[in-house]
Structures are given as C-alpha cells and as structure tokens.
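Q: I have just opened this one and would like a walk through it. Could we begin with the ligand?

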Amino acid sequence: MKLLQSVYDSVLARNPGQPEFHQAVYEVLESLEPVVEKHPEWLKAGILDRIVEPERQIMFRVSWIDDQGNVQVNRGYRVQFNSAIGPYKGGLRFHPSVNLGIIKFLGFEQIFKNSLTTLPIGGGKGGSDFDPKGKSDREIMAFCQSFMTELSMHIGADTDVPAGDIGVGAREIGFLYGQYKRLRNEFTGVLTGKGLGWGGSLARTEATGYGLCYFMDNLLKANGKSFDGKTVVISGSGNVAIYATEKAQQMGAKVVALSDSNGYIYHAAGIDLAAVKEIKEVKRGRIKDYLNYHKDAEYHEGCRGIWTIKCDIALPCATQNEIDAESAKTLIANGCWAVGEGANMPSTNEAIAQYQAAKLLFGPAKAANAGGVATSALEMSQNSQRLEWTFEEVDAKLKGIMKSIYESASKAAQEYTGDSNNLVAGANIAGFVKVAKAMYAQGVAY
Ligand code: NDP
C-alpha cells in the first residue's frame, strides 16, 4: 500500500486492541489503491479517512435478572458506521466473544456489502457479549427487553434497522420487537427478520444461505462449472449453514459435513437436512446429536478438522477467521477448487492469499453472503408499502440481486485488476465507489 498507508496507520493507532477491525480495514484499503489513483479528489475530500471512522458508536449496560434471581450485567453495542446511501442496516450478534472491535469489523464490512446489494441501505452492526446458550426462554426475553430499552433510543425505521446474526434468530427478534413496540407505541419496520404474520418477509430465513449458493452458481457457471454432482463441506449449523446446505442440495451437490463450535460431523452418504433442522431449529441441540439419527456418520471434536475433509467446494458459514493459512493449504492439497464465504470474514488474509495463489474460485463474504441483508431491505420495502410478497417473488428478486452483485464485482475486478475472478478486489471496489460518490456529493461540515 502506498497512498493509503497513512490511513491504515491511523486506524492502528486510534483503535488499539481491535485486530479483527484492523484486518477488515486492511483488506479493503489494499484493494482501493487503484481507485484512489483514478480519483485523487476523493483522497483530498478525506473520504478514506472518514470511511474508516464510524459515524457513531454506542456502548451501554444491559442488566437483567436470571432464573435464580441474580442480577446479571452484559455490555451492549450499536455501531452506526455509515449512512451515506441509506439508513444504517446490519445485524445484532449475541455471543460471548463480542467486543467493540468485532462489532466494528462487522459494521465496516457491512457498508460495502450493503452498497453492493444495489438497495439504499447504509452500514451498521450491534450486539452483546451475552451468551444465549443454555439460557431459558424467560432469561432470553429478559435480556432482549433490557437490551432494547436502551437500543430503542438510537434506532428507527428511517434511521437504523437492525436484524439477526449469530445468536439472534426469530425468537430474539420477536422479544426485541415486542419491547420496541411497548416503548414507542409504533408498528414500524424497525427490525428485520420478523415473524411471518407480523411484518416478516417470506424467504428472509433462507436468504443468506440461498443467496450464497446463487452467487457461487454465477461464479461457477462463468468458469464452466456447477454445483451438480460436487462434494461440498459447509461449516456451522446455524441459519446460514442450514439454508446453504438446502440450496446446494437442490442444485445437485452432495453436502458431507457440518459443524458447531464443539466439533463436526462427516456423513459420506450426504447430510440428512431434515434431521439437522430438527436438532438445531426445534430441539436447539448440538450437531453431535446427528449420530442419534445416522449411525454411519462420524463425529469429531474440534471444529477446525472439518477443513481436512476432501471436497470440491467449501462454504465456511460459522464465524470469523475459521480458515487460516494452514487450513487453506490443506483444503487445496485435498483438491478443493472453490470457496464461498457464508460467514463474515471466515478466511484470514493469509488464507485468502493461499486461495489466490492456487487460483481457486473465491466468493468473498461481502458479495457472497449479501443475500441476507438484501432480503432484509426487501422486508423494509414490504413494511413501508404495507404489502406482503410471495415466497416466489422474494426468491426471484434475491436471485436477481445475487446475479447483479456477481456481475458488478466481476466487472470492477476486470476493470481494475484485469482478472474478472478477483472478486476480493471487485467487491471492495464496486461497493466502495457508490458510497464514495455519495459521501463526496454530501460534503463535509465546515
Ligand atoms: P447462527 O447463530 O444461526 O449459527 C452460527 C453457527 O456458527 C453455529 O453453528 C455456531 O455453533 C457456529 N459458531 C459460532 N461462533 C463460533 C465460533 N466462535 N467457533 C466455531 N463455530 C462457531 O448464526 P448465523 O448462521 O446467522 O451466522 C453465521 C455467520 O454468517 C456469521 O459470521 C454471521 O455474521 C454471518 N452472516 C449471517 C447472516 C444472517 O442473515 N444470519 C447474514 C450475513 C452473514 P455454536 O452453536 O456451537 O455456537
């Protein structure tokens, strides 16, 4: 990096102890050198210095009472990163690993991802270090109500519209929405991922996983390949992993592995998704329970081992930095030729370098997993219109959006790097240009 080194140095100095945020910023800045060479006016207007600094960061105490009557205290976050092209939009993550640096990395990535969707949404992210695992429904409700009591002061249908992420699914969105309504006395599209019948959109649950497969299908087809008959490994067993498995299977692939944070299952005959849905969505169990349904499957402790399984296509759908350089090398050595990121930043920058050196077909998260937020924006449109679209309508729009994301990323990649498959650069550039133009047009306060 030449032109943007000083921006990166200042991010390091001003945001100590936030390695994930540094990593996300580095990956974007590295791609943007050729863009700012073409647009010195954006450098002069401080677009880069401004885009790495959130517009607003909110941190708050969330106190609640557990089932034993004890007071518990967690920390809540909402980072409103960039509103140049629309209201802040991005999920809420409830996981013990959450801290300000994690929320900032996610919020930063969200700016470019949301821009790529072609829909008018800015970037934000939030969450808490609360761990929903093992909590009763009453405890989850108490936490969500306390969390929303503070958050409600900062969000709104035209200001900031949160959604789900790790640890925040339909149940949590319900409790959060109920509390917002209680406090504000308004029925608006302030959250997405709502239940069907009270403002939710058909196909939102499926959207991130389906969108990932639609995106990869475009990339594979452009290179004369497809999912049909291929062996696929998918990490995680949450919302994204389950619906990526469903769509990959519908496209003719054999999915042979899934995981959670404790370990992974390998089923050579192909994953029985009905069993996984029952374990995860109905019983809220662990992936290990799959052995109760299929004795011929294997369970292995530890989640990294999943990348030692031989496959054609790997779809990491669990969490950040789950594939490091070592795992990337193992995947490649075992013949894997495509990776599509369902999770946010699941590959380290060193792992991405391995994919690029081996010329893997690589769909980076910002582009490949944008189907979830795109469908959230479609939920917002339906809420504003007071209309509900059919599953087929939403799914067709999602498919079209993923195609256009692929096309704009590969076009930018071709234009700036001469390689239409360099979607890391293509997604960063295509996402950035629209936001930069908007920030430039909107000026700086004197
Ligand atoms: P869920 O909470 O539904 O599922 C997360 C899955 O990943 C679980 O299987 C979980 O296992 C596993 N996991 C979580 N943290 C870790 C960890 N530290 N190490 C290993 N495994 C872990 O979340 P989602 O499916 O919604 O999200 C998965 C990824 O996709 C995240 O990176 C998220 O940011 C991203 N994403 C989600 C979108 C959405 O619409 N939901 C949209 C775009 C991106 P366990 O149960 O053991 O914790």
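A: We can begin with Asn-239, where a backbone N or O atom lies 2.9 Å from an oxygen atom of the ligand, a polar contact being a pair of N or O atoms within 3.5 Å. This is a predicted model, in which local features need pLDDT of at least 70 and side-chain atom pairs count only at pLDDT 80 or more, while totals for chains, interfaces and linings use all residues. Residues are numbered from 1 along each chain as its sequence is written, and side-chain values use heavy atoms, with hydrogens and water left out.

Q: How much of the ligand does the protein bury?
A: The protein buries 85% of the 880 Å² that the ligand exposes when taken alone, with areas from the Shrake-Rupley method and a 1.4 Å probe.

Q: And what does the side chain of Thr-208 do?
A: A polar atom of that Thr-208 side chain lies 2.7 Å from an oxygen atom of the ligand.

Q: How many residues surround the ligand?
A: There are 25, and Asp-165, Thr-208, Ser-261, Arg-286 and Asn-344 are the closest; a residue counts if one of its heavy atoms lies within 4 Å.

Q: Changing topic, how many disulfides are there?
A: The count comes to 0 disulfides, where a disulfide is a pair of cysteine sulfur atoms within 2.5 Å.

Q: Why is Cys-317 not bonded to Cys-213?
A: Because the sulfur of Cys-317 is 7.9 Å from that of Cys-213, its closest cysteine sulfur, which is too far for a bond.

Q: Is Cys-213 buried or exposed?
A: Cys-213 is buried, with a relative accessible area of 0%, where buried means under 20% (1.4 Å probe, protein chains only).

Definitions and conventions:
Polar contact = N/O pair within 3.5 Å; in protein donor to acceptor, adjacent residues only side chain to side chain. Buried < 20%, exposed > 50% of the residue type's maximum accessible area, 1.4 Å probe, protein only.
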